[in-house]
Amino acid sequence: MRRRIYLIVLAALLVVTLGVAGCTPKPAQENTAGPASAEVVKVGWIGSLTGDQAVWGQCELNTVKMMFEEINAKGGLLGKQVEVIGYDTRGDAAEAVNAVKRLTSQDKVAAIIGPNASGQAIAISSVLEEMKVPDIATVATNPKVTVVDGNVKPFNFRVCFIDPYQGAVAAGYAVDVLNLKKAAILYDVADDYSQGLTEFFEKTFVEKGGEIVAKEAFKSGDVDFRPQLSKIKEANPEIIFMPYFFKEVALSANQARELGINAVLMGGDGWPSDVLIEMAKDAIEGSYIVNHLDFNDPEVQGFKDAYKAKYGLAVELNGYMAYDAVKLLEAAVNKANSVDPITIKDALETSSVKGITGQITISKDTHNPEGKDAAIIKMVNGEYVFQQKYSTK
Amino acid sequence: MNWFYIKGILILSGINLLAVLGLSLLTGFTGLFSFGHAGFMAIGAYTTAVMTIHFHLPFMVALGVGGLAAALASLIIGKLTLNLKGDYFCIATLGLGEAIRLILDNVQYFGGARGWPGIPLHTSLLNVFIIDVVGIVFLAFLIRSRHGRNMIAIREEELASQIIGIDVFKYKMKSLMISALYAGVAGGLYGHYLGFLQPKMFQIIKSTELTIIVIFGGLGSISGSALGAVILTALPEALRSFDKWRLVVYGAAVIFIMISRPQGLMGGYEITPTNIKCFLFRFVKKDKKHQGMGGR
């Protein structure tokens, strides 16, 4: 008998889940702030709500929701209330494709914001083109997200600068401003972002007359970097470029100092995080970071405080990028004077908006924000201290 | 529910189904656990993409080449590892899957870890469906043949089957190669479905997913594997309304099913016309005689 009961419960559970899944969540919860409006325009968001990048994804979704609540309170987009639909991709390309298929065909969104990872942003482009819905990626820095083999992908846009630019800025700043000529690179061989930055840092650094004295690799998940760091120590570099994410940065920076390496450390936009300061405050003292914005800029504070007040958490870097993606979308919709996806896409191609991370002017040829300065940040006493805006040609 | 969305899930289920079928032969029928099948999928995916992009082969031919490449890789690996017993073989495949991924991470010709965009989209519901049907029919005949029976004998009692004269190593090898062939073709379909390949897609988590589906569907059952693949691929999508708790619910559902049916969904049974008839007949009989079904 027990087996039968189990089976019945199981069948009931399956039926209930399918039933729940069948009806899409009611839009009511998203636009309670605004006045009741007959017309609702839907905006999609995709990214990691589960998996190792969940912290960033959650922050993006929170930001997007918060921004559209504000817009709704002010009367919405072109007088229409906005509903945000966020789907999880758990950092998987196939899931991202599923999510976009659902957003474009079932929910019929006007535009999509996200994802934050290049691998997912590239994989979804064929669906976007088929369904003709524009997407604004947040932190997908791989050049191939918007341009493949010289052809621009019509429905992919982004608000961040790209890997070649970031790598070139880091190398340019190291050689021209800091006047350091001997660099070592430690990078994550299993990570696309890390490989990209390494490639372009090396290229620019050598072009500018510097010398790469050591180039060592590890793979995601490693916790011991001493073998690689020992080799780097023998090469005696003046600067070590560490283009990977904060957890590994903290571990490798601590181990480097343990081994008595005194070289300046430098990293990209994978660094900024409170966890990094907690774990390696002393080790990264005096390091430089190439970032999208200056966290202490007075113009940023309004958003930072509003987010903290609403969610009780500090804003991650992705939050700022999501903020700009929403701003860009809002500007494009206003410019197009329509919520039709194709009209929005056309308007996006020539949109320009003052974002939180700088002026965002989308180039028609690349769908990237052109001429965006990077912010150079130095770690001083466990604080992110802004040095200067820096760009390289 | 929109057809465009459903179609996407069905294609993905079909691709997983094919990989799971292969693994089912190895794990379910030959009794060898593998945690490296994502590696064979990766080999198949990259080879197929090279064939269609650089050699301009028709998609079906390219898929065949991709599958053969995976089978060839398994031949080399099998020679080295198939003498290992039980858990040791399992660990060897685990290392192998990761090694293939890390090699691909380093090969800049394929885009390295940054991935390979711009792969033509050839995978459609039709060709996935046809390949799946061919795959299922072939496997069903194989299992019923002498070769299949020998594999099952090895699963049940390796030493005894060796004593009665079955070349255990040879049959393990055959099983592994066919299984890798299936995984390779599945990989090829996968790459041409997404239009993008990245070694990250073939992490150990993908291998485990496949093994979970085989066990979930029931070891030693082709229909169980097929059913499991479709259900477990569609389930995370069906659970989207749970938002960030989605994967927790997914995990809970799988655990619940495994507790209530430890032998898996089909538990070694097959869905064939005769079996369906027997099953229905049993219910009719039961109603007439008012017998309980309790116990096993």
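Two strands count as a pair if DSSP finds at least two bridges between them. Keep that in mind as we walk through this model, which is predicted.

Let's start with one such pair in chain A. Strand β10 (residues 239–242) and strand β11 (residues 264–267) of chain A run in the parallel sense and are joined over 4 bridges. If you want to find one of those partnerships yourself, look for A:M242: its bridge partner in β11(A) is A:G267. As a bit of background, strands of a sheet pair through backbone hydrogen bonds, either parallel or antiparallel.

Now zoom out to the whole sheet. In chain A, 7 strands make an open sheet, and reading across it you meet β9-β8-β10-β11-β12-β15-β16, with mixed pairing. What stands at the edges? That would be β9 (211–218) and β16 (383–390) of chain A. Each has a single partner strand, so one side of each is left without a neighbour in the sheet. The sheet isn't flat either: neighbouring strands are turned by 25° against each other on average, direction ignored.

Helices lie across this sheet too. Helix α7(A) lies across β8 (182–188), β9 and β10 of chain A, and its direction is at about 165° to β8(A). Helix α8 (residues 226–235) of chain A also lies across β8, β9 and β10 of chain A, running at about 175° to β9(A).

A good residue to visit in this chain is A:V175, which sits in helix α6 (residues 163–177) of chain A. Is A:V175 buried or exposed? The cut-off for buried is 20 or more other C-beta atoms within 10 Å, and A:V175 has 20, so it counts as buried. Setting aside neighbours within four places in sequence, its contacts include A:L180, A:F205 and A:G210. Another contact is A:K208, and here the fold brings together residues that are 33 apart in sequence: A:V175 and A:K208 are 7.0 Å apart in space, C-alpha to C-alpha.

Next, the bigger picture. Chain A is divided into domain 1 (40–161 + 299–361) and domain 2 (163–291 + 374–390), and their C-alpha centres lie 29 Å apart. Where the two meet, domain 1 of chain A supplies 8 residues and domain 2 of chain A supplies 11 residues. On the domain 1 side you'd find 4 nonpolar, 4 polar and no charged residues.

Chain A also touches chain B, through 38 residues from chain A and 36 residues from chain B. On chain A's side, the elements giving two or more residues are α1 (2–22), β2 (81–88), α3 (93–106), α4 (118–123) and α7 (192–207). That side divides into 18 nonpolar, 10 polar and 10 charged residues.

What about the nonpolar core? The largest one has 197 residues, and among those with the most contacts inside it are A:V100, A:I113, B:I15 and B:M41. Helix α8 (residues 168–194) of chain B gives the most to this core, with 14 residues. Both domains of chain A give residues to the core, so it lies between them. Take A:V100: beyond residues up to four places away in sequence, it touches A:I46, A:I112, A:I124, A:V127 and A:L128.

Last stop: B:S221, in the loop between α9 (204–217) and α10 (222–238) of chain B. Although it's in a loop, B:S221 is buried, with 25 other C-beta atoms within 10 Å. Among the residues B:S221 touches are B:G28, B:M266 and B:Y269.

Technical notes
Residues numbered from 1 in each chain as written. Chains lettered and ligands numbered in written order. Predicted model: local features only at pLDDT ≥ 70, side-chain atom pairs only at ≥ 80, totals over all residues. Contact = placed C-beta atoms within 7 Å. Nonpolar A, V, L, I, M, F, W, Y, C, P; charged D, E, K, R; others polar. Axes fitted to C-alpha atoms, helices over the stretch in contact; angles between N-to-C directions. Domains from an automatic or database assignment. Core = buried A, V, L, I, M, F, W, Y, C linked by C-beta atoms within 7 Å. Buried ≥ 20, exposed ≤ 12 C-beta atoms within 10 Å, placed from the backbone.
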